[in-house]
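Please open the structure in your viewer, with the sequence panel beside it, and keep a selection tool ready. The tour goes from the whole chain to single side chains, and each stop names what to select.

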Amino acid sequence: MFQAPARRPDRGGRTPLPLLLLLLCSSLEAAKPKGPGQTHLNSIRIDGDISLGGLFPVHARGHDGKPCGELKKEKGIHRLEAMLFALDRINNDHNLLPNITLGARILDTCSRDTHALEQSLTFVQALIEKDGTDVKCAGGGAPVITKPERVVGVIGASSSSVSIMVANILRLFRIPQVSYASTAPELSDNTRYDFFSRVVPPDTYQAQAMVDIVKAMRWNYVSTVASEGNYGESGVDAFIQKSREDGGVCISQSVKIPREPKQGEFDKVIRRLRENPNARVVILFANEDDIKRLLHAAKKANQTGHFIWVGSDSWGSKISPVVHQEEMAEGAVTILPKRQSIKGFDRYFISRTLENNRRNIWFAEFWENNFSCKLSRHAVKKGSGLKKCTNQERIGKDSNYEQEGKVQFVIDAVYAMAHALHNMHLELCPGKVGLCAKMDPINGTHLLRHIRRLNFSGIAGNPVLFNENGDAPGRYEIYQYQIQNQTADYKIIGHWTDQLHLNVRSMQWPGGARHTPSSICSLPCQPGERKKVVKGMPCCWHCERCDGYQYQADTFTCKMCRFDLRPSANHTACVPIPIVKLEWSSPWAVFPVLLAVVGIMATVFVVATFVRYNDTPIVKASGRELSYVLLTGIFLCYATTFLMISTPDVGICSLRRIFLGLGMSISYAALLTKTNRIYRIFEQGSMSVSAPRLISPASQLVITFTLASVQLLGVCIWFGVDPSKAIIDYEDQRTSNPAMARGVLKCDISDLSLICLLGYSMLLMVTCTIYAIKTRGVPETFNEAKPIGFTMYTTCIIWLAFIPIFFGTSQSTEKMYIQTTTLTISVSLSASVSLGLLYMPKVYVVLFHPEQNVPKRSRSLKAVVTAATMSNKFNPKAGLRPNGEAKTELCESLETQTFSTKQTYISYSNHAI
């Protein structure tokens, strides 16, 4: 008697042994055999020395409480006949299991895991000891209990959910199981399904192949649809996991079709898939019935040509899901384990008739379904369109026939069990004919070891082998459902064996289009745009422009360009910012240069005139020494314009530092010396007739150069602290629009440094202006008091206008041009005012009125001083008279005279301001 194996600790997903035994006992009567060679309810029994179990979805899932539905011609009958075909071949093969006949017990799972579980309990009946003590015979004899045949291995099941349910029972009784179609990744768990093997690759390979297809088509946004159950849910989970591992594919919707879908359920699925119209590709891990109904719902929703279906091996190259909805399925890409059509099976199957195939209890039902007829005359109703079967119909002649895709794997699964039994027989019964005692009964664990060691050529020539988890290697063919010339058919477009090989040129899409349809969440970003990925959706993003001075560093990042660079036109790189400077041809430079050239010419002309008429009274009276110094300063002011416009370098920048303030310092130092001397002379004259100190020409030159040297000293200190250099300022013209950005080549003279540089000149100018105000009351005929005053007033106005213009434009993009032009014009105007008011009248008199360029009469110093003193004493306003000659003569006598106690007369021609 069989003793149930010791109970192992229960693991997740397993049914406890006591409960299984209870289920077995309750089902024994329902599945009781009627005798050898006879058919059983929903089962086929074929006698043999060794019996194999078989599980096939002969019927679809039932509805409205019925366990079974309509007949499945291809998926059910073709596969079942493939097992019968394989058994016939093996039993007729004298080299494989010689003198040993294989029998079978084949059950209909009705495509439902719970029904399959009930049916598969038949396989373990022989392993459970039955208690006959309560059975009483009428004659008083011992009861005879007929034991069912012992099943040593099971071929199947088809659906993964069915295989999982059955595997949980078979492993408890150590019955090996070899599936021909179950591909759920969960079945690869050797700790839970250790007696399960399969001749088809698991969905992990299939999922990888489908991910590779999606990526090869450059689709990155897809939806998934799964039938509820292990096959659909595990397949989608494997696809999602592989897509995450490989990256680049995102899931828009994951929809699950219930095991018992309600009315309108598929319409709801289509509505969900339409929520994201960009996700046109739909990954299908669904059973054949669900695929058919899903396509019908899509057709009803007028979505023909919108969805691109990528189907798993449950779709493969089957005709039934696409019948009458070919246009809806056009362009569908499906996958199927690599197989070949078995010609021997084709000959076998088309030769089947009702007479020679009585062992298949469902063949009569298939016959009626296949030929649209009824075997019973009474079943034929008028107007039904059905006819009575004549038994003269032939498969492939009077009906369409195409071999179902899994036939090869059913045959390979039966052969795998046969080869394992053969190898086991060679090991345990060497040299013996038939079964020996060591194989009665057959040890399931020992048989499993031989199954896992197999490596033989299958019916199609492909190697059949298993890894440590009982999985077959991944080999797939890629199909596409195409419509050409009004004819729809599946066309092989590639294959997958560890990697994808796809003939994209042979692919055709809905409407006959050759251009690959898109299924992407977001369009690629334009150059210069970065991806801002939607959280949790790496394939969906918003494109953000790298604006301002940013460039696209990589797909997801914008970075700032270096300070001396700006982004290219499309913001994909950084390019050098153009360098600009004030060009000679610029309108901003033309006027200052023209003014400087005219000023220099005028200055040279004045100097030449003074040199030519150096000894005339007017030249002498203007103070020749200081006049030449002042004219030198004016010349330097004009020359500064050329330094300011020249291309900056170390030499130019050094000269700018030196001469920008020096020319003005020399000019205002000379004017300050003159106004200060005039002021001291009149102040001294009001108190004493003695001449002030330091009013001689030499003293005047010393004072002037002393004042100017302060400017030079400051510049020298500046050179020591911060040597001069040319720089490129990228901030001056760093506009908000990078295309307008420019680097300004300039000297390292900041606005503050410029104020400091001109500050001393301004101080001299202000001081000179103060003295000019104080000496505003001198007689009109006095040499230069009034012109100097007007010069200083005008100069102050010029520089007061300069300050707001210069600093008010510090933020302008035209700062370099405006400030340089303003500065050069202000300096040139200051020089022009001094030149025009102080020297042009003298030049005019010298050149055009020589009669006025004559010496005045000479008077003694004592008389001049007495006249000036008396004039101030009795008439304080006498000095305002036009002919205030007494004070004029006094000043003329004192301005340049080096006094001597013995000198009595001072000539106008020898002493002037």
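The stops below begin with the chain as a whole and then turn to cores, rings, charges and strands.

**The whole chain.** Before selecting anything, bear in mind that this is a predicted model. With the cartoon displayed, the chain shows 23 helices and 31 strands, and of its 913 residues 54% are buried. If you draw contacts between residues at least 6 apart in sequence, 69% of them join residues at least 24 apart. Switching to a surface view, you are looking at an accessible area of about 41,500 Å², 56% of which belongs to carbon and sulfur atoms.

**The largest nonpolar core.** Select Met83, Leu102, Tyr180 and Leu421, which touch the most other members of the largest nonpolar core, a set of 67 residues. Next colour helix H12, residues 407-428, since this helix gives the most to that core, with 14 residues. Which residues are in contact with Leu421, leaving aside its neighbours within four places in sequence? They are Ile50, Leu52, Leu97, Leu102, Met439, Ile442 and Leu447. Another core lies apart from the largest one and has 47 residues, so select Ala602, Met644, Tyr760 and Met792 as some of its members. As background to both stops, nonpolar side chains in soluble globular proteins tend to be buried together.

**The aromatic rings.** The structure holds 22 aromatic pairs, and two of them are worth displaying as sticks. Start with Phe345 and Tyr348, whose ring centres are 6.0 Å apart and whose planes meet at 40°, so the pair counts as tilted. These two residues lie three apart in helix H10, residues 343-350, which is about one turn of the helix, and both are buried. Move on to Trp367 and Phe371, a tilted pair with 4.7 Å from centre to centre and 55° between the planes. Trp367 and Phe371 sit in helix H11, residues 363-371, at a separation of four residues, again about one turn of the helix, and each of the two is buried. Now widen the selection to Phe85, Phe345, Tyr348, Phe349, Phe363, Phe366, Trp367, Phe371 and Tyr401, which ring pairs link into a cluster.

**Charges over rings.** Select Arg612 together with Tyr613, where the arginine lies over the face of the tyrosine at 4.9 Å from the ring centre. Then centre the view on Trp718, over whose ring the charged end of Arg657 sits, 4.0 Å from the centre.

**Strand E18 and its partners.** Finish by selecting strand E18, residues 476-484, which is mostly covered, with eight of its nine residues buried. In which sense do strand E13, residues 333-337, and E18 pair, parallel or antiparallel? The two pair in the antiparallel sense over five bridges, and Ile335 has Ile478 in E18 as its bridge partner. Strand E19, residues 487-496, also pairs with E18 in the antiparallel sense, over nine bridges, and here Gln482 is bridged to Asp489 in E19. The last selection is Asn485, in the hairpin of E18 and E19, which has two residues between the strands; Asn485 takes a positive phi near 55°.

Definitions and conventions
Residues numbered from 1 in each chain as written. Predicted model: local features only at pLDDT ≥ 70, side-chain atom pairs only at ≥ 80, totals over all residues. Heavy atoms only, no water. Buried < 20%, exposed > 50% of the residue type's maximum accessible area, 1.4 Å probe, protein only. Contact = heavy atoms within 4.5 Å. Areas by Shrake-Rupley, 256 points an atom, 1.4 Å probe, with all protein chains shown as cover. Core = buried A, V, L, I, M, F, W, Y, C linked by side-chain atoms within 4.5 Å. Phe/Tyr/Trp six-rings, centres within 6.5 Å; stacked < 30°, edge-to-face > 60°. Lys NZ or Arg CZ within 6 Å of the ring centre and 35° of its normal. Pairing = 2+ DSSP bridges.
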